[in-house]
Amino acid sequence: MTGRPKALAARGPSPAQLTPNSAHPQLAINGGAPVRTEPWPTYDKGAVFVTRSDEEAALRAVRSHLYFRYDCRPHLETECGQLEAELCEFFGCRHALAVSSGTAALALSIMAARIPAGSLVACPGFTFAATPSAIILAGCKPLLVEVDENLHLDLADLRRRWTPQIRAIVVVHMRGFAADMAQLAGFAAEHGVPLIEDAVPALGAELHGRKLGTFGLAGAFSTQSDKSLNCGEGGFLVTDDSAVFARAVVLSGAYEGRYLRHFPEGPPPLETDLDLPLYNFRMDEIRAALLRGELTRLKVRLGCFRRNYEYVAARLADLPGIAIRQPVASGAYLGEAFIFRATAADPNWFARALRAEGIDARNLGATDDTNIRVYWNWRFMFPGMEGKEVMDLLPSTTRYLGQAVDIPLSSTLSPADCDHLIAAVRKVAGSG
Ligand SMILES: *Cc1c(COP(=O)(O)O)cnc(C)c1O
């Protein structure tokens with residue numbers, strides 16, 4: 001199925017639903033009429049923002065019958081090679097490496113930074129489980145750090161928890177919101193450890209005019225179906241450091257000198273490619289072709305995310321009872337999710353009431369849900385520990401996630417969808 005980027009239906013809420021508190025319309029959770037009955041558009045079904053031209057691009061690769069990236073063709077004639085050149089252009093960075101997943105891109109970044117096995121690597125307690133998993137995959141141990149009321153990594157807590165065994169910091173631009181990179185980079189430099197970005201949720205978002213993923217030693221991205229570039233499964237990393245890049249290329253599976261194809265201007269600063277193990281994390285030609293097609297329209301998609309987010313946030317900014325997640329700088333977010341803390345009503349009830357109104361909302365820290373973005377559900381990290389014990393490890397993060405309501409904002413939302421969201425949040429907040 002090909003999803004259309006624009007306008008689904010133009011059916012908006014009735015004027016009564018848009019007027020806050022007018023006669024207190026009965027909540028759907030209590031048997032009233034819901035704000036909307038059609039399903040909330042989500043990006044996690046995959047088939048959004050994919051067009052005919054992307055199919056054509058993938059077909060080009062299929063018809064070539066050359067699916068392996070390191071074949072007889074010159075590097076820049078392969079789909080992978082061209083994708084990487086186009087990513088360098090998009091990010092304004094020196095190197096890009098297309099790989100098999102975001103998890104692989106992050107693990108490769110850590111391994112290529114030569115973080116010794118067994119080291120601690122700090123990461124926030126609010127991220128997708130893939131972040132600590134990638135740290136483990138790279139032979140290290142995740143050390144979880146608190147997030148603040150806006151769900152950004154809390155530097156004061158990192159300072160408190162600091163030990164010399166921490167040899168790297170992985171920062172996450174979770175749900176598309178930039179972390180405070182100036183502060184974190186300063187802290188990392190002060191302690192002489194690399195800062196690596198899990199920029200997966202923020203593909204294309206900027207902080208002070210610079211693309212997220214280009215602040216740290218390396219930035220990792222995913223191209224799995226939930227993300228802004230979607231080839232089913234895949235990912236890439238970006239870096240300006242040629243030594244880190246060369247190691248990442250070899251580790252990803254460029255054996256017998258194939259890594260040299262990534263360095264047309266001369267051999268990289270690398271010992272020899274035999275000094276590193278080969279994990280096959282390679283990208284293939286068909287997916288790279290699909291991504292090249294999507295990359296040409298990424299700007300349009302980013303524009304949709306931003307337009308929807310700004311529209312919704314502006315119309316709910318004044319609403320009592322909710323505290324909208326604030327960016328670290330003006331506009332420093334992608335807009336793929338609308339998150340607020342419910343401060344006057346039970347947040348879990350708030351999310352359930354929104355779902356009854358037809359809006360796909362989740363209370364992030366709900367204990368009757370197993371949201372894989374909250375640290376206490378990463379049981380692989382806490383063998384032998386009980387739920388409550390784990391939740392006490394990061395008390396602030398537990399509190400803020402417990403208050404947070406998360407609503408996915410697909411880039412395909414129409415203005416009518418956004419109006420439904422606004423009407424539903426106002427309705428629930430007004431009756432809570
Ligand atoms: C999706 C995601 C990943 C993992 O990407 P995959 O391609 O699924 O491996 C990593 N980090 C975050 C924050 C994510 O949202």
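Begin by selecting β10 and strand β11 (residues 337-342) in this predicted model: the two run antiparallel and are joined by 3 bridges. Within this pair, display isoleucine 324 and look across to β11, where phenylalanine 340 stands opposite.

Next, extend the selection to the whole sheet, which is open and consists of 4 strands in the order β10-β11-β13-β12, with antiparallel pairing. At its edges you will find β10 (322-324) and β12 (362-363), each of which pairs on one side only. As a general point for reading such a view, strands of a sheet pair through backbone hydrogen bonds, either parallel or antiparallel.

Now leave the sheet and select the ligand, together with the 15 residues that surround it; the closest of these are Gly102, Thr103, Asp198, Ser222 and Lys227. If you colour this shell by residue class, it divides into 5 nonpolar, 8 polar and 2 charged residues.

With the shell displayed, turn to individual atom pairs, starting at glycine 102, where a backbone N or O atom lies 2.7 Å from an oxygen atom of the ligand. At threonine 103 the atom to pick is a polar one of the side chain, which lies 2.5 Å from an oxygen atom of the ligand. Lysine 227 likewise places a polar side-chain atom 2.9 Å from an oxygen atom of the ligand.

Switch then to a surface view: on its own the ligand has 390 Å² of accessible area, and the protein covers 89% of that area. The space that the ligand takes is the largest pocket. To finish, select α4 (102-112) and α5 (130-137), the elements that give two or more residues to the shell around the ligand.

Terms used:
Residues numbered from 1 in each chain as written. Predicted model: local features only at pLDDT ≥ 70, side-chain atom pairs only at ≥ 80, totals over all residues. Heavy atoms only, no water. Near = heavy atom within 4 Å. Polar contact = N/O pair within 3.5 Å; in protein donor to acceptor, adjacent residues only side chain to side chain. Areas by Shrake-Rupley, 256 points an atom, 1.4 Å probe, with all protein chains shown as cover. 1 Å grid on protein atoms, 1.4 Å probe; cavity = no way out; pocket = protein on both sides within 12 Å on 5 of 7 lines; lining within 4 Å. Sits in = over half its atoms within 2 Å of the grid points. Nonpolar A, V, L, I, M, F, W, Y, C, P; charged D, E, K, R; others polar. Pairing = 2+ DSSP bridges.
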